[in-house]
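User: I am new to this structure. Please take a close look at one loop, and then place it in the fold around it.

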Amino acid sequence: MKELDAWWQKQGTPLVGVSLKSDHYSAILADRPALSFFEIHAENYMSDGGAHHRYLEEIADSYAISIHGVGLSLGSAEGLARKHLQRFKEVVDRYNPALVSEHLAWSVQGGTYLNDLLPLPLTSECLRVVSNNINQFQDALGRQILVENPSSYVSFSESEFEEAEFLCRLAQTTGCGLLLDINNVYVSGKNMGWDPRGYLQTIPADLIGEIHLAGHEVKQFEGGEIRIDDHGSEVCRGVWELYSEVIERIGSKPTLIEWDTNIPSFEQLYNQAHQAASIMVSARQMQVTASA
């Protein structure tokens, strides 16, 4: 966070980044876009060498880096896989990122990795398990991590907490921060029938270390529809509206445009980042005017 603040002060660039994709390496290095940071998935950089590391090292000379995990499985009752944790730490040590994050989910059972981020029952026992895993993760890295809220398609009758309360308790128990994915809040609210605005208003500003924005797919079926968090399209109007309201309430936060499928041109991705930057600049100007 301090590195990103310093970048903003030095360059005058709002705290906006995009997912780093190999399709865009050349364009980024040629054009040096006015962004604050790029975000990578840790699992894509767990090898020792290769062209992707060479490109990332050059990009990291000019931009802050955020490292986002997708496979550590913070919700696993069997604890974190030591080898995966060690490889994750090696990526963090190599690139000294401004931000490190993982998901509130599980994806490992008995050494078998499942290619998904699976939901958790939000119970006291689950809170204990996830807290222990977060503590282990943070102790291994020697730094704070951010935990991302999931996109939801089912719920558990055993759950004792609302999701927002569960995440806040995790932060209070472990000292972690939160990665607030507003698209996930929107998708979950629409799928599960609760109010995204009410959810967002319960998250304290000081817990939010980063915001994610992304597109999603709407699938129709007999009798209804479901929204799938696929990161394969532009941010929808409803998510932009929620983002504007959040930024007006809490101020500027590092904001990432996620795009992981149907990879667009870098220009299209950059235009989405520019829209987020414009919202932050407008909110800051409103705050200055109000305090004058």
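Analyst: Asn96 is found in the loop between α4 and β4 (99-103); helices (H or I, at least four residues) and strands (E, at least two) are DSSP runs, numbered from the N terminus. This is a predicted model, in which local features need pLDDT of at least 70, side-chain atom pairs count only at pLDDT 80 or more, and totals for chains, interfaces and linings use all residues. Residues are numbered from 1 along each chain as its sequence is written, and side-chain values use heavy atoms, leaving out hydrogens and water.

Asn96 is not a glycine, and its phi is positive, near 45°. With 55% relative accessibility, Asn96 counts as exposed; exposed means over 50% relative accessible area, buried under 20%, and partly exposed in between, with a 1.4 Å probe and protein chains only.

At the other end of α4 (82-95) there is the loop that follows β3 (64-68), where Ser73 is found. Ser73 also has a positive phi without being glycine, near 65°. Ser73 is buried, at a relative accessible area of 4%.

Both β3 and β4 belong to a closed barrel of 8 strands, in the order β1-β2-β3-β4-β7-β8-β9-β12, with parallel pairing. Two strands pair if DSSP finds at least two bridges between them. From one strand to the next the twist averages 30°; axes are lines fitted to C-alpha atoms, for helices over the stretch in contact, and angles run from 0 to 180 degrees between N-to-C directions. One parallel pair is β1 (residues 16-19) with β2 (residues 37-41), joined by 3 bridges. Within this barrel, Val18 stands opposite Phe38 in β2.

Helices pack on the sheet as well. Helix α9 (residues 237-250) touches β8 (177-181), β9 (208-213) and β12 (255-257), and its direction makes about 160° with that of β9; contact means heavy atoms within 4.5 Å. Helix α10 (residues 266-291) packs there too, touching β1, β2, β9 and β12, with its direction at about 150° to that of β1.

A buried residue in a helix completes the picture. Leu167 lies in helix α6 and is buried, at 2% relative accessibility. Not counting residues up to four places away in sequence, Leu167 touches Leu104, Val147, Asn149, Leu178 and Tyr199. Between the C-alpha atoms of Leu167 and Gly238, which are 71 residues apart along the chain, the separation is 23 Å.
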